[in-house]
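Trainee: I am new to this structure. Please give me a close look at the domains and at what lies around the ligands.

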Amino acid sequence: MFKVLVSDPISDLGIQQLMDASDVVVEKKTGLSEDELIQIIPDYDALLVRSQTKVTEKIMEAGTNLKVIGRAGVGVDNINLDAATKRGIIVINAPDGNTITTCEHAFAMMMALARHIPQAYAKTIQGTWDRKFLGVELRNKKLGVLGMGRIGSEVAKRAKAFGMDILGYDPFMTEERAEKLGVKLATVDEIVRNADFITVHTPLTPETKHMISRPQFDVMKKGMRIINCARGGVVDEQALVEAIDQGIVAGAAFDVFEQEPPAADHPFLNNPKIIVTPHLGASTVEAQENVAIDVSEQVLHILRNEPFKNAVNMPPVAASVMNKLQPFFELGEKIGAFAAQLNNQAVHEIHVEYAGDLAEVDTQPLTRYIIKGVLSRHFGNDVNIVNSVHLAKVRDIDVVVSQSSASKGFTNRISVTLKTEDGKDRRIAGTLLKEYGARIVRIDKFPVDIAPEGNLIFISHNDKPGIVGSVGTLLGKNDVNIASMQVGRKIIGGEAIMVLTVDKTVSKEVLDELMSLQELNTALQIEFKS
Ligand SMILES: NC(=O)C1=CN([C@@H]2O[C@H](COP(=O)(O)OP(=O)(O)OC[C@H]3O[C@@H](n4cnc5c(N)ncnc54)[C@H](O)[C@@H]3O)[C@@H](O)[C@H]2O)C=CC1
Ligand SMILES: O=C(O)CCC(=O)C(=O)O
């Protein structure tokens with residue numbers, strides 16, 4: 001039974017599928033301190049958060065069963081991603097579910113700012129009929145959008161309908177996409193010098209921190225207005241207050257703060273030209289249901305070891321590619337594990353070669369499974385597809401991936417070579433056959449045909465008459481039944497291998513006894529975790 005902790009208010013309707021799952025127990029405990037979370041987190045397999053819970057390294061350290069952290073929303077700045085990756089904890093978010101809602105909030109803020117709606121409302125309900133609030137139209141105004149991702153693009157579409165001219169800045173925005181959206185690409189400098197309104201829609205990163213600060217305010221168009229419904233810190237709060245005092249900025253609308261919640265004496269809170277909301281960008285019934293549904297679905301997949309999407313600490317892969325790769329994951333991991341069990345030297349390079357169909361797709365996720373297989377010999381359950389690349393790196397193991405057009409007659413082929421200091425590289429190749437499933441087709445230089453499952457015994461020996469019989473007799477004497485046997489050699493009387501599938505695991509004593517046979521060089525048990 002998987003235990004899921006929901007530590008922030010998340011839509012019940014959204015997490016219904018988790019609550020309905022027969023293999024999951026959901027517990028809701030909100031408003032916990034870091035210490036309280038550290039106390040209880042060891043019990044849980046998954047943690048679901050919004051933005052309130054700060055998922056620190058200490059919490060993850062205590063979360064020894066934690067497999068996944070689900071963020072019901074976009075920004076993951078409340079989760080220590082490096083710590084999660086190191087520990088192999090998958091972090092997923094729900095990037096699409098609150099786009100429209102947040103865009104609408106930014107737009108509402110822009111309109112409220114243009115027409116002083118919050119200020120006029122406050123006066124009116126105090127009994128003052130004050131008609132001095134003179135606004136500005138949006139029509140024919142220049143809107144600068146910094147960050148033309150999901151939300152920024154939706155804001156631009158709506159601004160077009162209001163007759164605004166849009167200047168967009170995003171390092172990843174192509175001319176073609178800008179044209180499609182009716183946006184003129186511009187630099188930050190061009191935007192700050194020309195825009196009547198600026199709205200920010202970037203994550204907070206070292207590059208975007210204080211992207212709008214003193215130097216930008218200094219050259220800004222006088223009387224401009226600025227909106228931040230993205231992340232506190234993209235706009236320098238102190239510099240903004242000064243720019244308002246100097247009459248450069250006519251007004252600002254902020255949903256997010258550098259420190260949340262802001263201190264009672266925060267300069268935004270008593271400034272009549274700044275309107276604020278308490279990080280409500282994503283707060284609609286629809287968005288909260290959407291993000292909770294999305295994140296719950298993926299958490300369930302991860303807990304059940306099924307393919308999933310929206311992992312933040314793994315490279316993104318298109319669903320079509322993922323569908324193509326998915327059948328190879330188990331084979332890849334087994335090839336890696338097989339190679340690692342043959343090897344007893346320090347590995348400095350894992351060389352993966354993809355051939356046939358696999359040479360034409362982005363195989364990054366599959367490589368992660370292969371590395372996981374290789375490293376699991378030493379790291380056991382501590383290695384998974386999230387941290388396998390990281391663990392290889394910290395162990396100074398290079399991962400080299402190549403594509404080959406020579407698939408040796410197979411429609412697909414994965415070959416994994418473990419390169420070692422002493423030059424005694426070990427190599428395993430496998431394929432997925434339509435009719436027969438996963439097969440190991442090569443061990444070092446020997447072609448073979450073995451199903452990578454059950455209990456295998458790998459033997460290397462000198463090719464001499466009688467050796468196969470002696471191995472069979474010895475195993476029989478020890479009550480070990482042989483289900484199948486493969487032999488391989490390059491030349492008569494030369495190096496040879498034997499791979500036996502046996503009905504049960506063999507003891508170390510039996511392996512030692514095998515090793516005492518004349519002409520036998522290695523006897524290893526090869527195991528595959530299911
Ligand atoms: N106020 C709220 O409640 C909410 C806030 N957000 C925040 O809004 C922001 C945007 O969200 P989405 O549009 O969904 O994300 P997104 O990932 O689709 O878009 C972000 C865009 O910022 C761009 N970007 C990154 N660095 C940049 C830079 N240095 N200069 C200019 N552009 C840069 C990226 O290329 C990307 O296109 C995020 O920070 C997110 O956390 C999102 C939802 C709700
Ligand atoms: O969960 C929330 O309300 C915050 C939403 C947000 O900021 C995000 O999705 O990035």
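Mentor: In this predicted model, the C-alpha centres of domain 1 and domain 3 lie 30 Å apart. Their contact takes nine residues from domain 1 and nine residues from domain 3. On the side of domain 1 that touches domain 3, helix α4 (residues 81-87) gives the most, with three residues. That side of domain 1 is evenly mixed by class, with three nonpolar, three polar and three charged residues.

These two domains belong to a longer list. The domain assignment gives domain 1 as 2-97 + 286-313, domain 2 as 99-276, domain 3 as 315-452 and domain 4 as 453-530. Domain 1 is therefore written in two segments, with the range of domain 2 falling between them in the numbering.

Ligand 1 is the next thing to look at. Both domain 1 and domain 2 give residues to its shell, so ligand 1 lies between them. The shell has 32 residues, and those that come nearest to ligand 1 are Gly75, Gly147, Gly149, Ile151 and Gly281. By class, the shell divides into 13 nonpolar, 14 polar and five charged residues. Two helices, α5 (99-115) and α7 (150-161), each supply at least two residues of the shell. Of the elements around ligand 1, α7 gives the most, with three residues.

Those two helices also touch each other. The axes of α5 and α7 are 9 Å apart, and the helices pack at an angle of about 55°. That angle makes α5 oblique to α7, since angles under 35 degrees would count as roughly parallel and those from 65 to 115 as roughly perpendicular. The crossing of α5 and α7 is right-handed. From α5, the contact uses Thr99, Ile100, Thr102, Cys103, Ala106 and Phe107, and these meet Arg150, Ile151, Glu154, Val155 and Arg158 of α7. The residues of this contact divide into six nonpolar, two polar and three charged. Ile151 thus has two roles here: it is part of the contact with α5, and it is among the residues that come nearest to ligand 1.

Ligand 2 has its own shell. The residues around it are Arg50, Ser51, Gly73, Val74, Gly75, Asn98, His279, Gly281, Ala282 and Ser283. Polar residues account for seven of these, with two nonpolar and one charged. Gly75 and Gly281 appear in this shell and are also named among the residues nearest to ligand 1.

Two backbone details lie within the range of domain 2. The peptide bond from Glu260 to Pro261 is cis, with omega near -10°, and Pro261 sits in the loop between β11 (249-254) and β12 (274-276). His210 is in the loop between β9 (197-200) and α10 (214-218). Its phi is near 55°, a positive value in a residue other than glycine.

Back in domain 3, there is a second helix pair. Helix α14 (residues 329-342) and helix α15 (residues 364-379) pack with their axes 7 Å apart, at an angle of about 35°. Their crossing is right-handed. Among the residues that make the contact are Phe329, Ile335 and Ala340 of α14, and Leu366, Tyr369 and Val374 of α15. By class, the contact has ten nonpolar, five polar and four charged residues.

Conventions: Residues numbered from 1 in each chain as written. Chains lettered and ligands numbered in written order. Predicted model: local features only at pLDDT ≥ 70, side-chain atom pairs only at ≥ 80, totals over all residues. Near = placed C-beta within 6 Å. Helix = DSSP H or I, 4+ residues; strand = E, 2+ residues; numbered from the N terminus. Nonpolar A, V, L, I, M, F, W, Y, C, P; charged D, E, K, R; others polar. Domains from an automatic or database assignment. Axes fitted to C-alpha atoms, helices over the stretch in contact; angles between N-to-C directions. Parallel < 35°, antiparallel > 145°, perpendicular 65-115°, else oblique. Left-handed = near helix turned anticlockwise from the far one by under 90°. Contact = placed C-beta atoms within 7 Å.
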